[in-house]
Amino acid sequence: MGHTLSEPLVERMRGFGTTIFAEMTALAQQTGAVNLGQGFPDTDGPNAMLEQAVEAIRGGLNQYPPGPGLPPLRQAVAAHRKARYGLTYDPDGEILVTVGATEAISATILALCEIGDEVVVLEPYYDSYAAAIALAGAVRRPVSLRPVHSAAEQVGGRFTFDPDELRAAVTDRTRLILLNSPHNPTGTALSVEELQHVADVALDRDLVVVTDEVYEHLTFDDTRHVPIATLPGMRERTVSVSSAGKSFSVTGWKIGWICAPAPLVRAVMTVKQFLTFTHSGAMQLAVAHGLLREMEWVEALRSSLQLRRDRLADGLATVGLTVHIPQATYFVIGDVRPLGIDDGEAFARSLPHEAGVVGIPVSGFCDNADVGRPYVRFAFCKRDDVLDEAVDRLVSYAARRRA
Ligand SMILES: Cc1ncc(COP(=O)(O)O)c(C=O)c1O
């Protein structure tokens with residue numbers, strides 16, 4: 001297909017035009033619906049951390065920080081990884097600060113994939129993965145997450161993958177396995193056993209694992225996040241990605257980082273320096289403070305999110321959805337089939353009009369249409385009054401449906 005002024009976008013990025021988030025947010029505005037679509041909190045992060053950023057700006061930290069990131073942030077990331085997971089990374093050479101996890105993932109894929117290389121990715125996947133893979137001229141090979149059977153009627157099972165499907169997805173062109181745990185949108189935190197399946201494949205086939213761990217601290221009940229880099233033989237071949245956005249409720253700051261062996265960091269840095277070079281020194285310094293001093297605040301956020309998860313899950317169950325209780329993240333997934341509806345997308349499009357609530361259909365994050373079709377994702381990282389309003393609306397919608 002040729003390039004014209006009326007269709008100037010390169011072919012590999014066509015189809016990434018309007019995201020479902022933009023569409024559903026517009027629908028929320030049109031209908032006055034409560035927007036549980038996009039995953040951002042509506043309260044601020046820890047006050048002392050915000051003050052640090054303000055002071056740093058007033059103090060003149062307003063020019064380009066070093067390309068790899070400010071040393072205090074790299075040191076704080078190293079200290080945090082060591083204290084929490086027992087993983088040792090050298091702040092000089094094994095840690096790179098990025099513009100959120102999004103740039104970390106895009107730069108990593110662009111740095112490591114030749115045109116035509118394949119990336120194995122869990123589906124449903126976070127939408128930027130597909131775009132980054134396309135941008136690199138690479139090819140995605142999805143491995144589906146499906147719910148395990150659950151005996152309870154209104155509670156759906158946890159989502160997991162079939163290890164045989166994972167093994168079968170790897171070909172001679174596979175370069176990376178792109179993981180996301182805790183996982184958006186299913187809320188699955190992969191267990192050691194599941195991670196071991198991934199590690200076995202990566203070790204057998206000499207693959208690099210890129211793991212998106214932005215929800216590492218937002219796990220519920222007795223779930224603990226396990227980084228795949230802690231498994232034997234995996235630190236050497238893993239690019240671990242995280243960011244401050246979710247942990248500290250500063251999604252707009254876009255301070256992220258990777259931890260990886262030096263040759264992998266050098267490769268990613270080579271690309272990253274020409275995407276953005278560097279950004280936001282004041283916020284980097286404030287996030288260093290967060291990682292060192294605000295983990296109690298994060299723990300309080302975690303437990304409050306767990307309560308809010310339960311609040312929204314109960315509301316969705318009242319509507320009659322089968323609710324898949326997440327082990328982590330900002331999101332809960334509802335299965336619409338008990339309502340006599342097959343298509344989650346149609347349901348999600350009707351819900352703003354019918355109930356005054358917005359959720360995101362999961363089908364948009366899958367290559368295999370059947371995997372996501374029955375599900376809608378709702379964000380519970382909102383204030384209690386917002387969630388209560390959504391639940392009230394869902395309850396009266398359910399009552400109207402029954403009448
Ligand atoms: C799984 C996942 N990865 C990455 C991101 C983006 O992270 P950042 O804002 O740090 O780029 C999100 C945000 O929703 C996410 O859910």
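**Exercise 1.** In this predicted model, decide whether Asp-206 is buried or exposed.

*Solution.* Start by counting: Asp-206 has 9 C-beta neighbours inside 10 Å. Next, recall the cut-off: a residue with 12 or fewer such neighbours is exposed. Asp-206 therefore counts as exposed. Now place it in the chain: Asp-206 sits in the loop between H7 and strand E9 (208-212). Finally, look at its backbone: phi is positive, about 55°, although Asp-206 is not a glycine. That is worth a second look, because most residues other than glycine have a negative phi.

**Exercise 2.** Find out where Asp-221 lies, and whether it is buried or exposed.

*Solution.* First, the location: Asp-221 belongs to the loop between E9 and strand E10 (238-243). Then count again: there are 9 C-beta neighbours inside 10 Å, so Asp-221 is exposed. Its phi is positive too, about 55°, and Asp-221 is not a glycine.

**Exercise 3.** Work out which residue is joined to Pro-124 by a cis peptide bond, and which one to Pro-182.

*Solution.* Keep in mind that most peptide bonds are trans. Take Pro-124 to begin with: its cis partner is Glu-123, with omega about -5°. Pro-124 lies in the loop between strand E3 (118-123) and helix H5 (127-135). Move on to Pro-182: the cis bond comes from Ser-181, and omega is near -10°. Pro-182 is in the loop between strand E8 (174-180) and helix H7 (192-205).

**Exercise 4.** Describe the shell around the ligand by class.

*Solution.* Sort the residues: three are nonpolar, nine polar and two charged. Then ask which helix gives the largest share: H4 (residues 100-112), with three residues. Among the 14 residues, those that come nearest include Gly-100 and Asn-184.

Definitions and conventions. Residues numbered from 1 in each chain as written. Predicted model: local features only at pLDDT ≥ 70, side-chain atom pairs only at ≥ 80, totals over all residues. Near = placed C-beta within 6 Å. Helix = DSSP H or I, 4+ residues; strand = E, 2+ residues; numbered from the N terminus. Nonpolar A, V, L, I, M, F, W, Y, C, P; charged D, E, K, R; others polar. Buried ≥ 20, exposed ≤ 12 C-beta atoms within 10 Å, placed from the backbone.
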